[in-house]
Amino acid sequence: MRRRLCLQRELAYLVVYLAGALAVGELLYEHMAAGLVFLLAFPILRKNREKQRLKKEDCEHAVQFKDALISIKASLEAGYSMENAVSAAGEDLACIYPKGCFIREELERIGRSIANSVPVEEAFQNFATRSGLEDAQNFAEIYRTARKSGGDLLRVLQSSVTVITDKMDLRREIRTILTAKKMECRIMKAIPPGMIVYFRIFSPGYLDILYDGAGGRILMTVLLLVYLALVWLMEYITGVEI
């Protein structure tokens, strides 16, 4: 089923990109077939698109992990052991997230590992490795160190959970600011092609000089390259790692 959904997503993206390439060919050269040349850039753009999708997925997983930490912290403060706190967190998050989502599956896997006599710190380390989340790795390291040092485990875990959740909240605020800037960039990216469409519809013949002869086509190509360079610059600035 997942493989089928993945194939459907790939085909849908290819269709959208093909339509966009044909539209660019029509806007810039008045020949849709000319847009087929841009299909050569499809693998690069697809790789970048997949990278953005994975980054968005990681952000969603980080939020889910933060909710799990908050639930675990509340259970620990209520006197639960870590083993029971993990089980309680799974029950709490069942009211928030649907069955089969990332955090519920991972909590169930951690719970099964603990039930099979796997040490709690090892179960969390395995989770951190599978998920690739930096915060999960930090939590696993803190928990393992606290268990080995034999200190006040509850106090250490409460403090670490507070620090990790505060850091996640700060990241979320920064992402909110960046989201607003990304929306502004999307509007700016839509203005040049929007202007061309406007002139093509409401002022027929106004841009004919750009479509007649080699000079106009060369100019349109140069403008396209400048536009793509500016788009890349905007994506680079707003795509800063947090």
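A cavity here is a set of grid points where a 1.4 Å probe fits but cannot get out. With that in hand, welcome to a tour of this predicted model, starting from its enclosed spaces and moving on to its cores, one of its helices, a few individual residues and its cysteines.

## Enclosed space

The structure holds 2 cavities of 30 Å³ or more. The largest cavity takes in about 90 Å³ of space. Around this space stand Cys-59, Ala-62, Val-63, Lys-66, Asp-135, Met-168, Asp-169, Arg-171, Arg-172 and Arg-175. Two elements, H2 and H7, each give two or more residues to that lining. The largest share comes from H7, with 5 residues.

## The nonpolar cores

Next come the cores. The largest nonpolar core has 32 residues. Those with the most contacts inside this core are Phe-65, Ile-72, Met-82, Ile-103, Phe-124 and Phe-139. Two or more residues apiece come from helix H2 (42-77), helix H3 (82-93), helix H4 (102-115), helix H5 (120-131), helix H6 (134-149) and helix H7 (153-202). H2 gives the most to this core, 6 residues. Apart from the largest core lies another, of 9 residues, including Leu-28, Ile-196, Leu-207 and Tyr-211.

Which residues does Phe-124 touch, not counting residues up to four places away in sequence? They are Ile-72, Met-82, Val-86, Ile-110, Phe-139 and Ala-140.

Phe-139, one of those partners of Phe-124, lies in helix H6. Is Phe-139 buried or exposed? Phe-139 counts as buried, because its relative accessibility is 1% and the cut-off for buried is under 20%. Leaving aside neighbours within four places in sequence, Phe-139 is in contact with Phe-65, Leu-69, Met-82, Phe-124, Leu-157, Ser-160, Val-161 and Ile-164. From C-alpha to C-alpha, Phe-139 is 22 Å from Arg-175, with their positions 36 residues apart in sequence. Arg-175 is also among the residues that line the largest cavity.

## Helix H4

H4 has 14 residues. From its first C-alpha to its last H4 reaches 20 Å, close to the 20 Å expected at 1.5 Å a residue. Its buried residues are Phe-102, Ile-103, Arg-104, Glu-106, Leu-107, Ile-110, Ser-113 and Ile-114. A general point helps when reading such a list: an α-helix has 3.6 residues a turn, so residues three or four places apart point the same way. What do the buried residues of H4 pack against? Their partners are H2, H3 and H5. Ile-103, from this buried set, is also named among the residues with the most contacts inside the largest core. Ile-110, likewise buried in H4, is touched by Phe-124.

## Positive phi angles

After H4 comes Ser-117, whose phi is positive, near 70°. Ser-117 lies in the loop between H4 and H5, and is not a glycine. Glu-30, with a phi near 60°, also has a positive value in a residue other than glycine. This residue sits in the loop between helix H1 (2-29) and H2. Glu-30 counts as partly exposed, because its relative accessibility is 35%. Ser-117 counts as exposed, because its relative accessibility is 65%.

## A residue on H7

Val-156 is found in helix H7. At 34% relative accessibility, Val-156 counts as partly exposed. Val-156 touches Ile-142 and Ala-146, residues up to four places away in sequence not being counted. Val-156 and Tyr-143 are 13 residues apart in sequence, and their C-alpha atoms are 8.1 Å apart in space.

## Cysteines

How many disulfides does a search of the whole structure find? The search finds 0 disulfides. Two of the cysteines are set out here.

| Cysteine | Relative accessible area | Nearest cysteine sulfur | Distance |
|---|---|---|---|
| Cys-95 | 72% (exposed) | Cys-101 | 12 Å |
| Cys-185 | 13% (buried) | Cys-59 | 17 Å |

Why is Cys-95 in no disulfide? The nearest cysteine sulfur, that of Cys-101, is 12 Å away, whereas a disulfide needs the pair of sulfur atoms within 2.5 Å. The same cut-off applies to Cys-185, whose nearest cysteine sulfur, that of Cys-59, is 17 Å away. Cys-59 brings the tour back to its start, as one of the residues lining the largest cavity.

Key: Residues are numbered from 1 along each chain as its sequence is written. This is a predicted model: local features need pLDDT of at least 70, side-chain atom pairs count only at pLDDT 80 or more; totals for chains, interfaces and linings use all residues. Side-chain values use heavy atoms; hydrogens and water are left out. Buried means under 20% relative accessible area, exposed over 50%, partly exposed in between (1.4 Å probe, protein chains only). A nonpolar core is a set of buried Ala, Val, Leu, Ile, Met, Phe, Trp, Tyr and Cys residues joined through side-chain atoms within 4.5 Å. Helices (H or I, at least four residues) and strands (E, at least two) are DSSP runs, numbered from the N terminus. Contact means heavy atoms within 4.5 Å. The expected span of a helix is 1.5 Å times one less than its number of residues. On a 1 Å grid over the protein atoms alone, a cavity is a set of points where a 1.4 Å probe fits but cannot get out, and a pocket is an open set with protein on both sides within 12 Å along at least five of seven lines; lining residues have an atom within 4 Å of a point. Grid points are joined across faces, edges and corners, and a volume is the space filled by probe spheres set on the points.
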